[in-house]
Amino acid sequence: MKQHLIAIDLDGTTLNNQSKLTPKTIQALRAVSNLGHLVCIVTGRPYRNSSDIYREIGIEAPMVNFNGALCHFPGRDHYIPSYHLTLDKEIAFDLFANQDRLNIDLLCAEGKDRLFTSSMNLPDSPFYPFDLALVDRLNRESLTYNPTAITVFSPEEKMADIREKIEEHYGDQVSVRTWGGSLPCLEIVRKSINKAVGVKALADFYRIPVDNILAFGDENNDLEMLEFAGLGVAMKNATEEIKAAANDITRLTNDEDGLADYLIRYFDLAI
């Protein structure tokens, strides 16, 4: 079988509802990798809170973070197709200055290995550091370089208006995406960035044709990746928009090892 690229989202796809990997999922991913296929994490998470998952899976491969804004190979500083597409830090400062007017409750800027926030009262979520030593208050003295992404928290009924104002003011520089699920927010990245950008960079480098790309996802930030892949697979627990765009849907949910089940059947794995 020709080499395939398997692009896997994390939350709601590879991870169960407790944000954990199951032994069956790890076994299936390693078995696919041992067949010579390229298994790559493609996630909206920053590397700081996906690195443990990468190590637990135990497959040496490139990965994509921040919904396509960062492509890298952990431990390989000179990986040729790596890239890091950042935002102008002035956008973060401007949003911070207008936080009250825009009805923003919390503003977070993602640095290289630190988080810069408008408040130290962070959501109770695996997406954010439990160790506040990794967190700085957002100001010009602390954030001295361009961030990778900016996250905006507000009441859900205010999000559409905030998004409209951000796009009106910075539309030529940024893309804004709504995150649903248990922690709804707006994520701001550089213009035209999405997960498909990272998947295409990897496929081009390894000369893997689109027809040999499998992509798995569940949320709307996976849309472009699933549409780009030769086989875009929505999880059984995916949003209706993702299911409608996918070529196939898993028989089981992320909490039932749906990804592992699909890979076992697709690649005829002896598990």
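Which residue in strand 2 stands opposite Leu5? Leu38 does. This report works outward from that pairing. The model is predicted.

## Overall division

The protein chain splits into two domains. Domain 1 covers 5-84 + 193-267, and domain 2 covers 89-190. Their centres, taken over C-alpha atoms, are 25 Å apart. Domain 1 gives 17 residues to the contact, and domain 2 gives 16 residues.

## Strand 1 and its partners

Strand 1 spans residues 5-8. Both of its faces are covered. Leu5 and Ala7 are buried on one side, and Ile6 and Ile8 are buried on the other.

Strand 1 pairs with strand 2 (residues 38-41). These strands run parallel and are joined by 4 bridges. Strand 1 also pairs with strand 12 (residues 213-217). That pairing is parallel too, over 4 bridges. Here Ile6 has Leu214 as its bridge partner.

Strands of a sheet pair through backbone hydrogen bonds, either parallel or antiparallel.

Ile6 has contacts beyond its sequence neighbours within four places. Val32, His37, Leu38, Val39 and Cys40 are among them. So are Leu214, Phe216, Leu263 and Phe267.

## The nonpolar cores

The largest nonpolar core holds 53 residues. Leu5, Ile6, Ile8, Leu29, Phe216 and Leu263 touch the most other members. Helix 9 (residues 258-266) supplies the largest share of this core, with 5 residues. Another core, of 22 residues, lies apart from it. Its members include Ile104, Ala109, Leu138 and Val152.

## Helix 9

Why is helix 9 described as largely enclosed by the rest of the structure? The reason is burial: 7 of its 9 residues are buried. These are Gly258, Leu259, Ala260, Asp261, Tyr262, Leu263 and Ile264. The cover over the buried residues of helix 9 includes strand 1, helix 1 (10-14) and helix 2 (23-34). It also includes strand 12, strand 13 (231-234) and strand 14 (248-249). Just after helix 9, Asp268 adopts a positive phi of about 55°.

## The six-strand sheet

An open sheet of 6 strands runs in the order 8-7-6-9-11-10. Its pairing is mixed. Strand 8 and strand 10 (174-179) stand at the edges. Each has a single partner strand, so one side of each lacks a neighbour in the sheet. From one strand to the next, the twist averages 25°.

Within this sheet, strand 6 (residues 106-110) and strand 9 run antiparallel, joined by 5 bridges. Leu106 has Phe153 in strand 9 as its bridge partner.

Two helices lie across strands of the sheet. Helix 4 (residues 89-97) crosses strand 6, strand 9, strand 10 and strand 11 (185-190), at about 170° to strand 6. Helix 5 (residues 156-170) lies across strand 9, strand 10 and strand 11, at about 170° to strand 10.

In helix 4, Ile91, Ala92, Phe93 and Leu95 are buried. Their cover includes strand 6, strand 9, helix 5, strand 10 and strand 11. Asp88 caps the N-terminal end of helix 4. One of its side-chain oxygens lies 2.9 Å from the backbone nitrogen of Glu90.

## Two buried polar residues

Where is Lys195 found? Lys195 is in helix 6 (residues 195-206). Its relative accessibility is 0%, so it counts as buried. Apart from residues up to four places away in sequence, Lys195 touches Asp9, Val42, Thr43, Gly44, Asn67, Gly68, Asn221, Asp222 and Met225.

Thr148 lies in the loop between strand 8 (135-137) and strand 9 (149-153). Thr148 counts as buried because its relative accessibility is 1%. Beyond its neighbours within four places in sequence, Thr148 contacts Phe66, Ala69, His84, Leu85 and Thr86, among others. Leu87, Glu110, Ile188 and Val189 are also on its contact list.

Each of these residues makes a side-chain polar contact, listed here.

| Residue | Partner | Side-chain polar contact |
|---|---|---|
| Lys195 | Asp222 | 2.5 Å |
| Thr148 | His84 | 2.6 Å |

Terms used
Residues are numbered from 1 along each chain as its sequence is written. This is a predicted model: local features need pLDDT of at least 70, side-chain atom pairs count only at pLDDT 80 or more; totals for chains, interfaces and linings use all residues. Side-chain values use heavy atoms; hydrogens and water are left out. Buried means under 20% relative accessible area, exposed over 50%, partly exposed in between (1.4 Å probe, protein chains only). Two strands pair if DSSP finds at least two bridges between them. A polar contact is a pair of N or O atoms within 3.5 Å; within protein, one must be able to donate a hydrogen and the other to accept it, and residues adjacent in sequence count only if both atoms are side-chain atoms. Contact means heavy atoms within 4.5 Å. A nonpolar core is a set of buried Ala, Val, Leu, Ile, Met, Phe, Trp, Tyr and Cys residues joined through side-chain atoms within 4.5 Å. Axes are lines fitted to C-alpha atoms, for helices over the stretch in contact, and angles run from 0 to 180 degrees between N-to-C directions. Domain bounds come from an automatic or database domain assignment.
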